[in-house]
Amino acid sequence: MKDNVNYNAAEGHFAEDLLYHFLEWFKRLWIIILLLAVLLSGLLSAYTYVTYVPKYSASATFTVNVDVAQASSQKYNQATAAQLAKTFPNILTSGALKKVICRELGVDAINDEIKASVVEDTNLFTITVTSTNPQQAYNVLSSVISNYPQVARFIIGSTQLNLLDTSSISTFPINYPDYTKKAALGAFAGAALGFAIILLLALSTSTVIRSSDISKSFNTLCLAGVPEFTRKKRSKQSEDEHIPNVDDSNVNYKFRESIFTLRNNVIRRCREDKLKSVVVTSTISGEGKSLIAINLAKGIALKGYKTVVVDFDLRIPSLAQYINVTENVNSVTDYIEGNAQLNNCVYSTHSENLFIAVQKNERSDASEIVGSEKAKEFINRLCGIFDFVIIDTPPSGYISDASVIADYADAVVYVIAQDVVSTSSIGESITAFDTLHAKVIGAVLNRIVKGSDSISYGKYGYSRYARKSAKNGYNSSYGEMKKEAERSLGENGVEFEE
């Protein structure tokens, strides 16, 4: 972007930003983790219950004896038992034993699990039958006990198998499910899924968090970082009766200082390039552009410059709340439509050097009005009278009004609320101004509450995720700002020298 200040942004913020976005998403979506944990815990428990098939086992244990000398009998017995355990699967798969068992039980096939094992370093040989039917398991085991020795004799020779113990018909399944364990496993899986979703959202989120992000992402100067507005705790006024006012001693000094920093940077950039009319816009509503516009104008007026702030947000006008609007107050559109003279549409305030042009009613034909020659003439005439003309416009992300107005204004100050709009959306909007007559002289990181640019405040600050979006982002009532504003100029108005 031309005429912007080059900035070598500090690297190494990826992990910090990822953690920041993760925590912000977690605050908003922690209930999803809880719900997924409960849901998967219940589903896995229910699936286990529905698919559970009880299994019963029956087993028999033998000693294996080989007729050899006494000194070596123990060694031979152990070796023979091990050999029996190894050959048992082959005996089963060969079909010899199964055929005998099927013939004895009068069935076509044996689907039950039959396996053999040996107790290490002993001559104890165990056969176990597992079945879904306890009686079937016992019957198969009984048949194996009576037929296995005869079949095994043909494979390993003459061997004496002595039955030590055999189980009775089982009444309890051996695979009873641990529902507590399944529920815990499902809860863990659900929580892990929830965390994974939040991590993916954090990885895919790219918003402006710190002032350096503006220079890095958009190659434009950050004119100031403005903290979330708060009042001093000792202020006796209720929070909902106050609109942030830079020349109010009850406003937190950090807010005031940031506005003064913004004012000084805007004045310097405008004086360098001989600019007078400045459009203040943002990507979406709720980023605080109207607040920035009125306080920027106030700050410039406090510096001794004759300044007028104009409400050109004809769709949702908000600056009228800064004066006592009466029936005879003329609007910006009254001049554009030829219903009032310029001096009857601009009003002075109790703030020295500060004037204001308001819009009372929402207009559905805003695009036609701001694109008219009379709208351009209105701005040009104000530029001939005032040192600075600050123009509050609609958000530029979805409405073209700001671009139309910026085409016949001199400069643009772009307001970016911290961690609200994606950098891609902001970049597209800022880039669109490159083709216009006005140039973006810088951006404002507004409503800072987190990160390295944040300020610590008392309990009177607005909650970040409870912000109200009325009137372009601030649920402002008239309060003291209305009290300190003057009434309309009357029918004769003020005579301007152009």
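**A surface patch and an open sheet**

Phe26, Trp30, Ile31, Ile32, Leu34, Leu35, Val38 and Phe195 make up a nonpolar patch on the surface, together offering about 710 Å² of accessible area. Patches gather residues with over 30% relative accessible area and no salt bridge, nonpolar side chains (Val, Leu, Ile, Met, Phe, Trp, Tyr) being joined within 5 Å and like charges within 9 Å; a salt bridge has a side-chain nitrogen of Lys or Arg within 4 Å of a carboxyl oxygen of Asp or Glu. Areas follow the Shrake-Rupley method with a 1.4 Å probe, and for residues only the protein chains shown count as cover. Helix H1 (residues 14-51) supplies the largest share of the patch, seven residues.

The model is predicted: local features need pLDDT of at least 70 and side-chain atom pairs pLDDT 80 or more, while totals for chains, interfaces and linings use all residues. Residues are numbered from 1 along each chain as its sequence is written, and side-chain values use heavy atoms, without hydrogens and water.

The protein has 15 helices and 12 strands, taken as DSSP runs numbered from the N terminus (helices H or I, at least four residues; strands E, at least two). Eight strands form an open sheet of mixed pairing, ordered S5-S12-S11-S6-S10-S7-S9-S8; pairing requires at least two DSSP bridges. Strands S5 (222-227) and S8 (347-348) stand at the edges with a single partner strand each, so one side of each lacks a neighbour in the sheet. Within the sheet, S7 (residues 307-311) and S9 (residues 354-357) run parallel, joined by four bridges, and valine 308 stands opposite phenylalanine 355 in S9.
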